[in-house]
Amino acid sequence: MSAEKISVKQARSPESIGKTVKIEGWLRTRRDSKAGFSFLEINDGSCLGNLQVIANADLPNYEQQIKSLNTGASLCVIGELKESGGKCQATELVASSLVVYGEADPETYPLQKKRHSFEKLREWAHLRPRTNTFGAVARVRNCICNSIHQFFQEQEFLYVHTPIITASDCEGAGAMFQVTTLNLDVIAQKQIQQLDYKQDFFGRRAYLTVSGQLEGETFACALGKIYTFGPTFRAEKSNTTRHLAEFWMIEPEMAFYELEDNMALAEAFIKRIARDALTKCPEDMALFNEHIEPGLIAALQNVVDSQFVRLPYTEAIELLAASGQTFEYPVKWGVDLQSEHERFLTEQQFKSPVILYNYPRTLKPFYMYCNDDGKTVRGMDVLVPRVGEIIGGSQREHRLDMLEARMAEQGIPAEDYWWYADLRRFGTVPHSGFGLGLERAVQFITGMTNIRDVIPFPRFPGSVEF
Ligand code: 4AD
Ligand code: MG
């Protein structure tokens, strides 16, 4: 009988009992029984749980090879799946043949049974997906990405690819990585003071994008509802648990949406992601609930079931001022909220996600719609417990004169944004959008405290290994 190649996940299902199968994966542990056989726990990443393999002493390579197999060795096992007598699994595989693809030397293979700190595992970012926690993070991250596409596709949003190399600074924060083919070593040798960007690849300065929003707006103002999902780069020197130099952002942009519509979409979006993670990754979520963030599952279920608080910035300031808390950064109208303030609002005051909106115009980028009060703009941030800001967005300024005034106010060269202004010149419409930081969403869903542990290969100041 030929063996069907299946995953550990499939092999763990009672429906597979009785089949002759082929399983390939990595050895997690080996226990030898006095009765003359060994238990091998095999994982292939398809799920958190391992498949228990029974290797009997009559296998031809039992004495020389199987009995000395170590954690990390890669194997191919063929055998029959039987109902397991053990409590931890429904099935077990009785090996009729076992081939070793590669051994892992216990003296040098870093991932031994002993637990390592997440800091230590960052040094082995190429091996950490083989651990339970990082495998679970990878699967939940995948589930979230899938939900994101489904959420938008079901509502007829178009997936649009915006450029990664750009000449415009969407957020105006000046934290951009420059892209150049000018030879810096030669420039230094020749001690050239004034660079001639006409000689550069694009004939002008270029950068890695900080946001696809501006280009996304051009498509929304033609096709209605769009979203982007791509890598984003920020050269901020922030060494925090919530900042990366390279992260993934999802940016929906909708024509004929005002701020309220934007808030409703953002709320439904976060709820969908949380709901899907809970229902589609129960085993991985249980691991996070038990080992990473006790109470996580109940907290996320609560997020799914309850309404987000919507709070104007001005009221948030009043609340914080009246809270009796001592903050490191004192609050008054006009200051940017720090993570201590955001956390107070979501974790203590409301114990719920909070959508803050109508921020002072001086705090926010040029593209946000100016309210009639002249002081505030229709920006919104979605704050969640533990993570703080997870989404930033706004209704866009669609009135040409107002947009030009805001650009002048912020010293933004209007000639560089002629195409952006054209959207307001020809058939302008009210429109809105927001950006969700994927890694912040993964942090929120998994309870992982450091953003460097929810992206495969984190990029931050001083770190570009792997
Ligand atoms: O609030 P931000 O800067 O907003 C924008 O970029 C808008 N153009 C989005 C839009 O309206 N289309 O960034 C959006 C989100 C933040 O709320 C945060 O979740 C994430 O992106 N983010 C980061 N994530 C990781 N590391 C960083 N350095 C981040 N900076 C922003
Ligand atoms: Mg923001």
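**Figure 1. Strands E15 and E16 make an antiparallel pair in this predicted model.** Here 6 bridges join E15 to strand E16 (residues 388-395), and the two run antiparallel. Together they form a hairpin with 3 residues between the strands. Look for Arg386 in the turn: its phi is positive, at about 75°. Right by the turn in sequence, Val384 has Gly388 of E16 as its bridge partner. How many of the 9 residues of E15 are buried? The count is 8, so strand E15 (residues 376-384) is mostly covered, given that buried means under 20% relative accessible area.

**Figure 2. On to E14, another partner of E15.** Strand E14 (residues 354-360) pairs with E15 in the antiparallel sense, over 6 bridges. To get your bearings, find Val354, which stands opposite Leu383 in E15. E14 also pairs with E13, but this time in the parallel sense and over 4 bridges. A handy marker for that pairing is Pro312, whose bridge partner in E14 is Tyr357.

**Figure 3. Stepping back to the sheet, we get 8 strands in an open arrangement.** The order goes E7-E11-E12-E17-E16-E15-E14-E13, and the pairing is mixed. Which strands sit at the edges? They are strand E7 (158-159) and strand E13 (309-312), each of which pairs on one side only. In a regular strand the side chains alternate between the two faces of the sheet, which is worth keeping in mind when tracing neighbours along a strand.

**Figure 4. Tyr369 sits in the loop between E14 and E15.** Is this loop residue buried or exposed? Tyr369 is buried, because its relative accessible area is 11%. Leaving aside neighbours within four places in sequence, Tyr369 is in contact with Thr376, Val377 and Arg378. The rest of its contacts are Gln395, Arg396, Glu397, His398 and Arg399. For a sense of scale, pick out Lys34 as well: Tyr369 and Lys34 are 335 residues apart in sequence and 74 Å apart in space, C-alpha to C-alpha.

**Figure 5. Asn262 is a buried residue in helix H6.** Why call Asn262 buried? Its relative accessible area is 0%, so Asn262 falls under the 20% cut-off. Not counting neighbours within four places in sequence, its contacts include Met254, Tyr257 and Met380. Asn262 also touches Gly393, Ser394 and Gln395, and the list ends with Ser432, Gly433 and Phe434.

**Figure 6. The largest nonpolar core has 57 residues.** Those with the most contacts inside this core are Phe269, Met285, Ile391 and Ile445. Helix H6 (residues 259-280) gives the core its largest share, 10 residues. Zoom in on Ile445 and you'll find Val140, Ile144, Ile273 and Ala274 among the residues it touches, not counting those up to four places away in sequence. Ala277, Met285, Leu296 and Leu300 complete that set. Apart from this core lies another one, of 24 residues, with Val21, Leu40, Tyr62 and Ala73 among them.

**Figure 7. The second largest pocket has a volume of about 1,100 Å³.** Its lining takes in 40 residues, and the closest to the pocket's centre are Arg28, Arg130, Thr131, Asn132 and Thr133. Which element gives the largest share of the lining? That's H3, with 7 residues. Strand E2 (20-33), strand E3 (37-43), helix H2 (118-122), helix H3 (132-154) and helix H7 (282-292) each supply at least two lining residues. By class, the lining splits into 15 nonpolar, 16 polar and 9 charged residues.

**Figure 8. The structure holds 1 cavity of 30 Å³ or more.** Rolling a probe the size of a water molecule over the atoms shows where empty space is left. The largest cavity contains about 30 Å³ of space. Thr166, Ser168, Cys170 and Thr209 are part of its lining, along with Val210, Ser211, Leu214 and Glu215. Sorted by class, these come to 3 nonpolar, 4 polar and 1 charged residues.

**Figure 9. Finally, the whole protein chain, for context.** The secondary structure comes to 13 helices and 17 strands. Along its principal axes the C-alpha trace spans about 85 × 60 × 45 Å. Of the 466 residues in the chain, 51% are buried. Among contacts with a separation of 6 or more, 67% are between residues 24 or more positions apart.

Notes: Residues are numbered from 1 along each chain as its sequence is written. Chains are lettered from A and ligands numbered from 1 in the order in which they are written. This is a predicted model: local features need pLDDT of at least 70, side-chain atom pairs count only at pLDDT 80 or more; totals for chains, interfaces and linings use all residues. Side-chain values use heavy atoms; hydrogens and water are left out. On a 1 Å grid over the protein atoms alone, a cavity is a set of points where a 1.4 Å probe fits but cannot get out, and a pocket is an open set with protein on both sides within 12 Å along at least five of seven lines; lining residues have an atom within 4 Å of a point. Grid points are joined across faces, edges and corners, and a volume is the space filled by probe spheres set on the points. Ala, Val, Leu, Ile, Met, Phe, Trp, Tyr, Cys and Pro count as nonpolar, Asp, Glu, Lys and Arg as charged, and the others, Gly among them, as polar. A nonpolar core is a set of buried Ala, Val, Leu, Ile, Met, Phe, Trp, Tyr and Cys residues joined through side-chain atoms within 4.5 Å. Buried means under 20% relative accessible area, exposed over 50%, partly exposed in between (1.4 Å probe, protein chains only). Contact means heavy atoms within 4.5 Å. Two strands pair if DSSP finds at least two bridges between them.
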